[in-house]
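Reader: Hello! I have a new structure to look at, and I would like to learn how to read it. Could you walk me through it?

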Amino acid sequence: MGDITVFGNLNQVSIRLKRISEVVKNREALGFPVFQGDEELEYLFSDDDRLCPVCRRFGEERFFTGLEVQQTFSHISRVGEYKFAPNVHETHPELMGECRCRLILLHPAETFEERLYEEKLAVL
Ligand SMILES: [Zn+2]
Ligand SMILES: [Zn+2]
C-alpha cells in the first residue's frame with residue numbers, strides 16, 4: 001500500500017478527489033463487511049477439562065481466513081467489535097454445554113486500510 005497520486009487538469013483532479021472523498025464517507029457510514037478472504041482470524045479455546053474434541057480440533061487449526069470462517073462456522077455470532085463466538089456446538093447436538101470458543105479478527109486496521117486504498121484506486 002502506498003500513496004495515491006491524482007493526475008489531470010484542475011477540473012479532473014477536483015472530480016477525482018470528490019470521488020475519493022465519497023468512498024471514504026461511504027465506508028465511514030457503512031463500515032466494511034467481515035469474513036472476506038483478506039482477513040485473518042485466530043481461534044481461541046479454553047484448554048480445560050470441559051474442552052470437547054470439536055472445539056479442540058478448531059483450536060489446533062488456529063488460523064482461518066474470513067472466507068474460511070464464513071464457510072466453516074454457520075452459527076457464528078458477533079460478541080465484540082472484532083470478536084466472534086463460533087458456536088460450534090450448535091452443529092453438533094451430541095456435544096454437552098455451550099461452546100465457549102472465540103474467534104478474534106487479527107490486525108483489523110491494516111486489513112481495512114488496505115481495502116480502502118483499493119477502493120480509492122478503483123474510482124480514479
Ligand atoms: Zn466444544
Ligand atoms: Zn467451542
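Author: Gladly! Let us begin with the terms: helices and strands here are DSSP runs, at least four residues for a helix and at least two for a strand, numbered from the N terminus. Keep in mind that this is a predicted model.

Reader: In which order do helices and strands follow each other along the sequence?

Author: The pattern reads α-β-α-β-α-β-β-β-α. That comes to four helices and five strands.

Reader: How do I judge the overall form? What is the radius of gyration of the protein, and what would a compact globule have?

Author: The protein has 20 Å, whereas a compact globule of 124 residues would have a value near 14 Å. Along the principal axes, the C-alpha atoms fill a box of roughly 65 × 25 × 20 Å. Buried residues account for 12% of the 124 residues.

Reader: Let me zoom in on a strand. Which side chains of S1 point to one face and which to the other?

Author: Here is the general idea: in a regular strand, side chains alternate between the two faces of the sheet. In S1, residues 40–44, Leu 41 and Tyr 43 point to one face and are buried. Glu 40, Glu 42 and Leu 44 point to the other face and are not buried.

Reader: Which strand pairs with S1 over three bridges, and which over five?

Author: S2 (residues 63–65) pairs with S1 over three bridges, in the antiparallel sense. Within that pairing, Phe 64 in S2 stands opposite Leu 41. S5 (residues 102–106) is also antiparallel to S1, with five bridges. There, Leu 106 of S5 stands opposite Glu 40.

Reader: And what joins S3 to S4?

Author: A hairpin does, through two residues. S3 (residues 77–80) and S4 (residues 83–85) run antiparallel and share three bridges. One example is Ser 77, whose bridge partner in S4 is Ala 85.

Reader: Now the interior. Which residues of the largest nonpolar core touch the most other members?

Author: Of its 13 residues, these are Leu 41, Tyr 43, Cys 55, Val 69, Val 88, Cys 101 and Leu 103. S1 and S5 each supply at least two residues of this core.

Reader: Could we follow one of them? What is Val 88 in contact with, leaving aside neighbours within four places in sequence?

Author: Val 88 is in contact with Val 54, Cys 55, Phe 58, Phe 73, Cys 99 and Cys 101. For the protein as a whole, among contacts between residues at least 6 apart in sequence, 56% join residues at least 24 apart.

Methods:
Residues numbered from 1 in each chain as written. Chains lettered and ligands numbered in written order. Predicted model: local features only at pLDDT ≥ 70, side-chain atom pairs only at ≥ 80, totals over all residues. Rg over C-alpha atoms; globule rule 2.2 N^0.38 Å. Buried ≥ 20, exposed ≤ 12 C-beta atoms within 10 Å, placed from the backbone. Contact = placed C-beta atoms within 7 Å. Pairing = 2+ DSSP bridges. Core = buried A, V, L, I, M, F, W, Y, C linked by C-beta atoms within 7 Å.
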